[in-house]
Amino acid sequence: PVTPYRDADVAARAAALLVCAQVSAVTAGYLAYPFDTVRRRLQLQSCQAEGDRPYAGAADCLRTIVTEEGVRALFKGAGMNAVRTIGASLVLVLYSEIIGAVGDK
């Protein structure tokens, strides 16, 4: 991996990689979360009869959420989603370190 810590000890390198992985995962998660909220709302209405559905489509769903509940409603649950990324970041860093250790020998 290309980091300023590539020649540092394993702990410093792993910590730097973990920070980079976590920042990128949280950023991507928060950027994608409003789309996920709209997708979930549309999935929840799929079992209702067509005449009883509150949303006509993705754009209508987004507009309705923002006007009736506010922009913050698009991000309800995003914090827990960000916490969930810690495990994924750890897996990526451990994989990188294992591949680096195996490749060095």
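## Close-up views of a three-helix chain

Of the 105 residues in the protein chain, 26% count as buried. The model shown here is predicted, so please read each view below with that in mind.

**View 1. The whole chain is built from helices.** The protein chain holds three helices and zero strands. Starting at the N terminus, its elements follow the order α-α-α. Along the principal axes, the C-alpha atoms occupy a box of roughly 65 × 25 × 20 Å. The radius of gyration is 20 Å, whereas a compact globule of 105 residues would come out near 13 Å. Among contacts in the protein chain with a separation of 6 or more, 58% join residues 24 or more positions apart.

**View 2. The surface and its charges.** The protein chain exposes an accessible surface of about 7,400 Å², and carbon and sulfur atoms contribute 66% of that area. Its side chains include 11 positive and 10 negative ones. How far apart do the centres of the two sets lie? They are 2 Å apart.

**View 3. The largest nonpolar core.** Six residues form this core: V38, Y55, C61, I65, A73 and L74. In soluble globular proteins, nonpolar side chains tend to be buried together. A good residue to zoom in on is A73, one of the core members. Leaving aside residues up to four places away in sequence, A73 touches T37 and I65. Of these two partners, I65 is itself listed in the core.

**View 4. Q22 on helix α1.** Look for Q22 in helix α1, which covers residues 10–45. Is Q22 buried or exposed? Q22 counts as buried because its relative accessibility is 19%, and the cut-off for buried is under 20%. Which residues does Q22 touch, not counting those up to four places away in sequence? The partners are A82, T85, I86 and S89. The last of these, S89, belongs to helix α3 and is the subject of the next view.

**View 5. S89 on helix α3, seen from the other side of the contact.** Helix α3 spans residues 78–103, and S89 is found within it. With a relative accessibility of 1%, S89 counts as buried. Setting aside residues up to four places away in sequence, S89 touches L18, A21, Q22 and A25. Q22 is therefore a buried partner in this view, at 19% relative accessibility, and its place is in helix α1. Viewed together, Q22 and S89 show a contact between helix α1 and helix α3, with each residue listed among the other's partners.

Definitions and conventions. Residues numbered from 1 in each chain as written. Predicted model: local features only at pLDDT ≥ 70, side-chain atom pairs only at ≥ 80, totals over all residues. Heavy atoms only, no water. Helix = DSSP H or I, 4+ residues; strand = E, 2+ residues; numbered from the N terminus. Rg over C-alpha atoms; globule rule 2.2 N^0.38 Å. Buried < 20%, exposed > 50% of the residue type's maximum accessible area, 1.4 Å probe, protein only. Contact = heavy atoms within 4.5 Å. Areas by Shrake-Rupley, 256 points an atom, 1.4 Å probe, with all protein chains shown as cover. Lys, Arg positive; Asp, Glu negative; His and termini not counted. Charge placed at Lys NZ, Arg CZ, Asp CG, Glu CD. Core = buried A, V, L, I, M, F, W, Y, C linked by side-chain atoms within 4.5 Å.
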